[in-house]
Amino acid sequence: MGVHRTARCRGPYGGEGHQAGGTDCADPAVFEVARHNRPPLQVCPVHLGPSLLLAAGVLWPPGIRLIGRPATPATGH
Ligand SMILES: [Zn+2]
């Protein structure tokens, strides 16, 4: 309980509505990008940079929140 459900990356265009199906990325979202008058855009690390430039309504400077963990191999850290 209390564990984040894994969100899918919506980047880099932040597809909405009928365009939502156009995002091919199936990676789990790790960051959430704040947007003006739109729901936050959830993206994977690879699409974080592109989404800041390509997605509509992104604030500048960008508001980025960490919502998940990158799928890195466990290090026993
Ligand atoms: Zn992605």
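**Exercise 1. Identify the bridge partner of V33 in strand 3, and place that pairing within the sheet.**

Solution.
Step 1. In this predicted model, V33 has I64 as its bridge partner in strand 3.
Step 2. The pairing involved is that of strand 1 with strand 3, which is antiparallel and extends over 3 bridges.
Step 3. Strand 1, residues 31-35, also pairs with strand 2 in the antiparallel sense, here over 4 bridges. Two positions illustrate the register: F31 stands opposite V43, and E32 stands opposite Q42.
Step 4. The result is an open sheet of 3 strands in the order 2-1-3, with antiparallel pairing. Its edge strands are strand 2 (38-43) and strand 3 (64-66), each of which pairs on one side only. From one strand to the next, the twist averages 25°.

**Exercise 2. State which residue takes a positive phi in the hairpin of strand 1 and strand 2.**

Solution.
Step 1. The hairpin has 2 residues between the strands.
Step 2. In this hairpin, N37 adopts a positive phi near 60°.

**Exercise 3. Determine which strands helix 1 touches and how its buried residues are arranged.**

Solution.
Step 1. Helix 1, residues 45-54, packs on the sheet and touches strand 1 and strand 2. The direction of helix 1 makes about 145° with that of strand 2.
Step 2. The buried residues of helix 1 are H47, L48, S51 and L52.
Step 3. Viewed down the axis of helix 1, these buried residues fall within an arc of 145°, so they line one face of the helix. As background, an α-helix has 3.6 residues a turn, so residues three or four places apart point the same way.
Step 4. The buried residues of helix 1 pack against strand 1 and strand 2.

**Exercise 4. List the members of the largest nonpolar core, and name the elements that give two or more residues to this core.**

Solution.
Step 1. The core has 12 residues in all: C9, A29, V30, F31, V33, L41, V43, C44, L48, L52, A55 and V58.
Step 2. Strand 1, strand 2 and helix 1 are the elements that give two or more residues to this core.
Step 3. V33 shows the contacts of one member. Leaving aside neighbours within four places in sequence, V33 is in contact with residues including L41, V43, L52, A55 and V58. The contacts of V33 also include P40, S51, P62, G63 and I64.

**Exercise 5. Decide whether W60 is buried or exposed, and locate this residue in the chain.**

Solution.
Step 1. W60 is found in the loop between helix 1 and strand 3.
Step 2. The count of other C-beta atoms within 10 Å of W60 is 8. A residue is exposed if this count is 12 or fewer, so W60 is exposed.
Step 3. W60 and A34 are 26 residues apart along the chain, and their C-alpha atoms are separated by 9.5 Å.

**Exercise 6. Summarise the protein chain: its elements, their pattern, its burial, its contacts and its confidence.**

Solution.
Step 1. The secondary structure comes to 1 helix and 3 strands, and along the sequence the pattern reads β-β-α-β.
Step 2. Of the 77 residues in the protein chain, 26% are buried.
Step 3. Among contacts with a separation of 6 or more, 51% join residues 24 or more positions apart.
Step 4. The mean pLDDT of the protein chain is 82, with 71% of its residues reaching 70 or more. Among the elements, the mean pLDDT is lowest for strand 2 (92) and highest for strand 3 (96).
Step 5. Where pLDDT is low, the predicted coordinates should not be read in detail.

Technical notes
Residues are numbered from 1 along each chain as its sequence is written. This is a predicted model: local features need pLDDT of at least 70, side-chain atom pairs count only at pLDDT 80 or more; totals for chains, interfaces and linings use all residues. Two strands pair if DSSP finds at least two bridges between them. Axes are lines fitted to C-alpha atoms, for helices over the stretch in contact, and angles run from 0 to 180 degrees between N-to-C directions. Two residues are in contact if their C-beta atoms, placed from the backbone, lie within 7 Å. A residue is buried if 20 or more other C-beta atoms lie within 10 Å of its own, exposed if 12 or fewer, and partly exposed in between; C-beta atoms are placed from the backbone. The arc is that of the directions from the helix axis to the C-beta atoms. pLDDT is the predictor's confidence in each residue, from 0 to 100. A nonpolar core is a set of buried Ala, Val, Leu, Ile, Met, Phe, Trp, Tyr and Cys residues joined through C-beta atoms within 7 Å.
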